[in-house]
Amino acid sequence: MAAPSFIFSILLLLQLLFASLPHHRTLTSAADGTWQLLQKSIGISAMHLQLLRNDRVIMFDRTDFGPSNLSLPTGKCRNDPTDTALQVDCTAHSVEYDVFANKFRALTVQTDVWCSSGAIMPDGNLFQTGGFNDGERRVRVFNPCRTCDWNEIPNGLTAKRWYASNHILPDGRQIIVGGRGQFNYEFIPKNIVANKINLPFLSETNDKGIENNLYPFVFLNIDGNLFIFANNRAILFDYVNNIVVKKYPMIPSGEPRSYPSTGSAVLLPLKNLKAAAIEAEVLVCGGAPKGSYLQSLKGTFMAALNTCARIKITDPNPEWVMETMPLARVMGDMILLPNGNVLLINGAGSGTAGWEQGRDPVLSPVLYQPDYNIGSRFEVQNPTTIPRMYHSTAALLRDGRVLVGGSNPHAFYNFTGVLFPTELSLEAFSPAYLDAKFDKLRPTIIAPKSMSGIRYRKKYTIQVVINSDKVDESLVSVTMFAPAFNTHSFSMNQRLLVLGNEKVTAVGNSMYNVEATTPKSGN
């Protein structure tokens, strides 16, 4: 059984995140989070992004935007006679961003990666799938190294995949679910001849002429089955035997939450991992009401949804519990933070996903605290000044910041004469746990230096430095986070495991050994 890529973190008191690498100073400051402009321009618009094991982030937009603002290395050009915008293109449409050097370099994609999907494989390589036009059946592989570039596998997919969702499975494969006109799923690497398997649920959730079921929200449940949400409802799916195990009730009111009525979703942190019965909950937030997509095409922009729906997917008789957000949001992202909270960030207050179809940017992130009582879980954060509309992205970094990029609601790069110009900048949002006043409480990992040898069902000792005069050992907790592939308001394969601690031992010089046991299986 292959072990997926995870990042360890340790929490102390008030569930504060440690930073094992130096945290950055911010340019603005507030009690409820701070913002930092990292790069005014990386040359492309970060429509898709993925954190790698070497603290680099891979980003890309699409090859048929026309020329970008970043040239490929001297003499290098992409020759593609099928490209709909530019057949010979000497500019980049992908970059590798070095988080801690705050530098980036151009990468070369050979085919169109527009509205594609992907995930990190157990060996740490990024496998990215599908796209548009000549890229719709491609598999692209990026190996994390300082000089590596994209490798492409022609016809690596059985079906054309555009707006699909990927998830890592316990055996190390990826499952690819759906896509425009694809009411089916397949696996990579391919290991069966008939690698396109029908999934009627996807056709049942397809609103004619609108869809509202693209980029389905897919999560691995603790029983090994997949929770698949599309439009306004979900199933529990046994992908091994191609059987629907359970049909979940429709979200109350039945409003759509999937692309283009784009909401977002997370699997909430998994806890009590040694228990006989582990609970799993899914949270779905935002989206656009019925009719919003067609109205936006006519220039009328309906207010986004202001509700979240939460469901315990492991319950025998699960029901959705509705909550009201302080800010309505469509095209927002939901990012799991290492302390178990959820950050809602990016997006618009009205309209839908699509070219020029969103209005009223939502500049303020919102913190959702799942362990608080209902009615007191949301907390509005400090706003950015940069609208992040359609094609925006966000991802958790290993130092606890949230990287934010992208926004291009136009069919090409467009910087003038429009409401929301194509955005090439990168920002970082630092949640309050990175405030300077918590520096003495923030643990720093000393050992082990690498988690590459981690295995299931094993006890590990993590050595940390905590500079506080007094440490309440009962409040020290270890978490593990799976870096996600983020695009179109969904972070694929995002997962947070709470390992807690079995023993904390002070070893002198502000050092502590924290013992924790890894999960019992790949589920």
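This text goes through a four-stranded sheet, a set of salt bridges, a hairpin and one annotated domain in a predicted model.

The sheet is open and has four strands in the order β14-β15-β16-β17, paired antiparallel. At its edges stand β14, residues 165-168, and β17, residues 197-198. Each of these two has a single partner strand, so one side of each is left without a neighbour in the sheet. The pairing of β17 can be followed residue by residue. Strand β16, residues 184-188, runs antiparallel to β17 and is joined to β17 by two bridges. Across this pairing, Tyr 185 stands opposite Ile 197 in β17.

Strand β16 also takes part in a contact between charged side chains. Glu 186 forms a salt bridge with Arg 161, with the closest N and O atoms 3.1 Å apart. The two residues belong to distant parts of the chain: Glu 186 is in strand β16, while Arg 161 is in the loop between β13 and β14, and 25 residues separate them. Is Glu 186 buried or exposed? Glu 186 has a relative accessible area of 0%, and therefore counts as buried. Arg 161 is likewise assigned as buried because its relative accessible area is 1%, where the cut-off for buried is under 20%.

Side chains of opposite charge can pair when their charged atoms come close. The structure holds 23 salt bridges, and two further examples also join separate loops. In one of them, Asp 149 pairs with Lys 76, and the closest N and O atoms are 3.4 Å apart. Asp 149 sits in the loop between β12 (139-142) and β13 (151-153), and Lys 76 in the loop between β5 (56-60) and β6 (78-79), so that this salt bridge links parts of the chain 73 residues apart. Asp 149 is partly exposed, at 22% relative accessibility, and Lys 76 is partly exposed at 34%.

The other example is the salt bridge of Lys 160 with Glu 136, in which the closest N and O atoms are 3.7 Å apart. Lys 160 lies in the loop between β13 and β14 and Glu 136 in the loop between β11 (126-129) and β12, so the pair ties together parts that are 24 residues apart in sequence. Lys 160 has a relative accessible area of 46% and is partly exposed. Glu 136 counts as partly exposed as well, at 23% relative accessibility. Some salt bridges share partners: Arg 78, Asp 80, Asp 83 and Asp 89 are joined into one network in this way.

Further along the chain, β18 and β19 form a hairpin with five residues between them. In the turn, Gly 224 has a positive phi of about 95°. Strand β18 covers residues 217-220, and four bridges join β18 to the antiparallel strand β19, residues 226-230. Within this pairing, Val 218 stands opposite Ile 228 in β19. In a regular strand the side chains alternate between the two faces of the sheet. In β18, Phe 217 and Phe 219 point one way and Val 218 and Leu 220 the other way. All four of these residues are buried.

The last segment is defined by a record. An unreviewed UniProt entry carries the annotation "domain: Galactose oxidase-like Early set" for residues 442-522. In the model this span is 0% helix and 53% strand, and its end C-alpha atoms lie 30 Å apart.

Note on methods. Residues are numbered from 1 along each chain as its sequence is written. This is a predicted model: local features need pLDDT of at least 70, side-chain atom pairs count only at pLDDT 80 or more; totals for chains, interfaces and linings use all residues. Side-chain values use heavy atoms; hydrogens and water are left out. Two strands pair if DSSP finds at least two bridges between them. A salt bridge is a side-chain nitrogen of Lys or Arg within 4 Å of a carboxyl oxygen of Asp or Glu. Buried means under 20% relative accessible area, exposed over 50%, partly exposed in between (1.4 Å probe, protein chains only). UniProt positions are given in the numbering used here, feature names are shortened, and annotations may be inferred rather than shown by experiment.
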